[in-house]
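Work through the exercises below with the sequence and the model at hand. Each task is followed by a solution in steps.

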Amino acid sequence: MLNIVVCVSGGGTNLQAIIDGVKNGRIKETRITGVISNNESAYALKRAEQNHIPAFCISPKSFSDREKYNDAFLDRLEELNPDLIVLAGFLVILPPKMIETYRGRIINIHPSLIPAFCGTGFYGLKVHEAALERGVKITGATVHYVDEGTDTGRIICQKSVQVLEDDTPETLQKRVMEQAEWIILPQAINEIAAGYGKTNG
């Protein structure tokens with residue numbers, strides 16, 4: 001059984017896709033042991049509670065400095081003891097110690113076909129605004145491992161989505177979520193769980 005912790009800053013639509021995937025069997029041999037958010041008003045926390053998943057808000061604003069926040073974040077992760085950490089719209093720079101401790105066990109979903117429209121400053125609607133500004137005809141989403149860089153880790157899977165003539169950043173964001181993100185994130189977790197089962201079975 002793969003124990004995962006999902007870190008999320010906002011509404012948690014990708015978290016919902018994972019919850020649904022575990023429930024309907026698209027993600028096998030996987031259990032969500034906790035959800036962590038840096039934002040106490042994140043609807044993701046509500047989604048976790050509704051599904052009886054332990055939910056925690058650890059906000060940098062609650063600590064006198066970043067080091068204390070990082071320590072609290074790492075302490076909580078240690079308690080939850082994840083085999084895999086899933087960043088599903090988590091807008092916090094990870095502590096270097098976390099990347100070191102969980103190397104090869106942190107994945108992220110990004111709303112573009114990396115290496116396009118990724119790196120520092122590219123998140124949320126900004127990604128889709130940049131794609132439309134550039135005039136690309138195809139965009140999509142990427143699931144990748146997390147390393148010390150921003151969106152530079154090894155790619156696990158990608159899915160492309162068509163850009164339409166009359167797209168706005170909002171309509172494009174919605175289509176990328178529905179046609180790519182919500183499909184490939186559960187798929188990537190399921191693949192990792194299958195591999196984990198073989199090595200730990």
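The exercises concern a predicted model and go from its largest pocket to strands, backbone, rings and one strand residue.

**Exercise 1. The largest pocket**

Task: State the volume of the largest pocket, and describe its lining by residue, element and class.

Solution.
1. The volume of the largest pocket is about 1000 Å³.
2. Its lining consists of 41 residues, and those closest to the pocket centre are Gly89, Phe90, Leu91, Asn108 and Tyr123.
3. Two or more lining residues come from each of helix 1 (13-24), helix 4 (96-101), strand 5 (106-110), strand 6 (138-145) and helix 6 (169-200).
4. Sorted by class, the lining holds 17 nonpolar, 20 polar and 4 charged residues.

**Exercise 2. Strand 6 and its partners**

Task: Determine how strand 6 pairs with strand 5 and with strand 7, and whether its residues are mostly covered or not.

Solution.
1. Strand 5 and strand 6 run antiparallel and are joined by 4 bridges.
2. Within strand 6, histidine 144 stands opposite asparagine 108. Asn108 is also among the residues closest to the centre of the largest pocket.
3. Strand 7 (residues 155-162) pairs with strand 6 over 7 bridges, in the antiparallel sense.
4. Valine 143 has cysteine 157 in strand 7 as its bridge partner.
5. Of the 8 residues of strand 6, 7 are buried, and the strand is thus mostly covered.

**Exercise 3. Backbone exceptions**

Task: Locate the cis peptide bond, then find where histidine 52 and phenylalanine 117 lie and classify each as buried or exposed.

Solution.
1. The cis bond runs from isoleucine 114 to proline 115, with omega near 20°.
2. Proline 115 belongs to the loop between strand 5 and helix 5 (125-134).
3. Phenylalanine 117 is found in the loop between strand 5 and helix 5. Its phi is positive, about 50°, although the residue is not a glycine.
4. Histidine 52, also not a glycine, has a positive phi of about 60°. This residue is placed in the loop between helix 2 (43-50) and strand 3 (55-57).
5. Exposed means over 50% relative accessible area, and buried means under 20%. Histidine 52 has 74% relative accessibility, so it counts as exposed. Phenylalanine 117 has 15%, so it counts as buried.

**Exercise 4. Aromatic rings**

Task: Give the number of aromatic pairs, classify the pair of phenylalanine 63 and tyrosine 69, and name the ring cluster.

Solution.
1. The count comes to 4 aromatic pairs.
2. Between phenylalanine 63 and tyrosine 69 the centre-to-centre distance is 6.0 Å and the angle between the planes is 65°. Planes over 60 degrees apart count as edge-to-face, and this pair is therefore edge-to-face.
3. Phenylalanine 63 is partly exposed, at a relative accessible area of 27%, whereas tyrosine 69 is buried at 1% relative accessibility.
4. Ring pairs link Phe63, Tyr69, Phe73 and Phe90 into a cluster. Phe90 is also one of the residues closest to the centre of the largest pocket.

**Exercise 5. Threonine 33**

Task: Place threonine 33 in its element, classify its burial, and list its contacts beyond four places in sequence.

Solution.
1. Threonine 33 is a residue of strand 2 (residues 30-37).
2. Its relative accessibility is 17%, so threonine 33 counts as buried.
3. With neighbours within four places in sequence left aside, threonine 33 is in contact with Asn3, Ile4, Val5, Pro54 and Leu80.

Note on methods:
Residues numbered from 1 in each chain as written. Predicted model: local features only at pLDDT ≥ 70, side-chain atom pairs only at ≥ 80, totals over all residues. Heavy atoms only, no water. 1 Å grid on protein atoms, 1.4 Å probe; cavity = no way out; pocket = protein on both sides within 12 Å on 5 of 7 lines; lining within 4 Å. Points joined across faces, edges and corners; volume = space filled by probe spheres on them. Nonpolar A, V, L, I, M, F, W, Y, C, P; charged D, E, K, R; others polar. Buried < 20%, exposed > 50% of the residue type's maximum accessible area, 1.4 Å probe, protein only. Pairing = 2+ DSSP bridges. Phe/Tyr/Trp six-rings, centres within 6.5 Å; stacked < 30°, edge-to-face > 60°. Contact = heavy atoms within 4.5 Å.
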